[in-house]
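Biologist: Let's look at the ligand and the residues around it. Please show me the structure.

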Amino acid sequence: MNLRALLLASAVSGALFSVGAQAADMTIGFSQIGSESGWRAAETTVSKAEAKKRNINFKIADAQQKQENQIKAIRSFVAQGVDAIFLAPVVATGWDSVLKEAQEAKIPVVLLDRDIDPAGKDLYLTAVTSDSVHEGKVAGEWLVKTAAGKPCNVVELQGTVGASVATNRKKGFEDGIAGASNVKIVRSQTGDFTRAKGKEVMESFIKAEGGGKNICAVYAHNDDMMVGAIQAMKEAGLKPGTEVLTVSIDAVPDIFKAMAAGEANATVELTPNMAGPAFDAIIAFKDKGTMPPKWIQTESKLYTQADNPMAVYESKKDLGY
Ligand code: AHR
């Protein structure tokens with residue numbers, strides 16, 4: 001019997017969850033990656049607020065970007081006998097043993113915002129994520145449209161090596177530009193989803209590309225790296241947003257500030273509220289034995305300078321970013 005069937009049978013029989021139990025009875029542990037980006041910080045804040053709304057006892061373990069810390073946190077949640085575990089997996093591989101331990105303890109695991117390798121599919125109940133290939137594709141298609149047939153050399157700032165979202169956003173962007181021979185990725189390197197690394201890598205791209213003269217656009221797998229890259233471009237005397245096009249992912253308040261100042265062009269939104277749908281799925285599962293879909297997909301929306309970036313900034317700035 002696979003995990004979903006086993007958990008469903010247990011839920012229905014009441015062996016795993018008492019049917020009709022209230023959310024307030026539940027303790028959920030969340031192994032969070034860390035706080036590498038504004039988006040991640042917002043996800044932590046929003047998760048806490050969503051837990052509070054539902055009276056859930058919510059325990060967050062900050063892994064400081066290290067998979068080994070996430071594995072330790074999961075083991076500790078299993079030892080504590082929590083009702084469910086949320087996991088934002090820093091990388092896609094290396095989860096089998098620890099997720100099997102959770103499975104043996106009959107504790108359902110929900111993935112938040114990143115995926116694990118398909119081989120581990122039976123080891124978690126559901127995943128709440130965006131379609132990160134689609135996000136990259138939307139970014140690529142926007143660039144193709146905006147470059148309007150002119151030659152356009154792109155430099156790419158990748159997310160954390162081995163993270164599902166980095167692999168997928170790269171693939172999606174490549175798909176998005178595949179039909180446009182004028183748009184080419186000339187350099188691509190990880191900036192680890194951080195502002196500081198984004199700036200550092202962008203500085204090296206600028207040096208390598210004739211002081212930036214050969215760069216038509218920057219694609220970053222998240223806004224924080226783009227904010228760092230914008231800083232690097234300005235320090236090098238370039239004009240991001242006009243001379244150099246920018247497109248990134250997350251839609252954090254700071255990128256809207258840059259868009260309002262004419263220094264950034266486009267971003268694809270990733271909601272920081274992954275925990276809300278995850279809590280609802282676990283509550284329905286516990287209360288009624290409702291099996292959630294394997295993938296709970298969140299929306300991805302493109303924003304450009306035409307979308308009144310200052311107003312979006314104002315609406316987002318107090319949301320925990
Ligand atoms: O997994 C989601 C990604 O992780 C966000 O786009 C990025 O900002 C974060 O660090």
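Modeller: A polar contact here is a pair of N or O atoms within 3.5 Å. Keep in mind that this is a predicted model.

Biologist: How far is an N or O atom in the side chain of arginine 40 from an oxygen atom of the ligand?

Modeller: Polar contacts need N or O atoms within 3.5 Å. The arginine 40 side chain offers such an atom to a ligand oxygen. The distance between the two is 3.0 Å.

Biologist: What is the distance from a polar side-chain atom of aspartate 113 to an oxygen atom of the ligand?

Modeller: Arginine 114 also has a side-chain N or O atom 2.9 Å from a ligand oxygen. For the polar side-chain atom of aspartate 113, the distance to a ligand oxygen is 2.7 Å.

Biologist: How much of the ligand's accessible area does the protein cover?

Modeller: On its own, the ligand has 280 Å² of accessible area. The protein covers 100%.

Biologist: Which elements give two or more residues to the shell around the ligand?

Modeller: The ligand sits in the largest cavity. Its shell has 4 nonpolar, 2 polar and 6 charged residues. Two or more residues come from each of helix 2 (38–53) and helix 6 (164–177).

Biologist: Why does the ligand lie between two domains?

Modeller: Both domains give residues to the shell around the ligand, so the ligand lies between them. They are domain 1 (2–129 + 272–290) and domain 2 (132–269).

Notes
Residues numbered from 1 in each chain as written. Predicted model: local features only at pLDDT ≥ 70, side-chain atom pairs only at ≥ 80, totals over all residues. Heavy atoms only, no water. Polar contact = N/O pair within 3.5 Å; in protein donor to acceptor, adjacent residues only side chain to side chain. Areas by Shrake-Rupley, 256 points an atom, 1.4 Å probe, with all protein chains shown as cover. 1 Å grid on protein atoms, 1.4 Å probe; cavity = no way out; pocket = protein on both sides within 12 Å on 5 of 7 lines; lining within 4 Å. Sits in = over half its atoms within 2 Å of the grid points. Helix = DSSP H or I, 4+ residues; strand = E, 2+ residues; numbered from the N terminus. Nonpolar A, V, L, I, M, F, W, Y, C, P; charged D, E, K, R; others polar. Domains from an automatic or database assignment.
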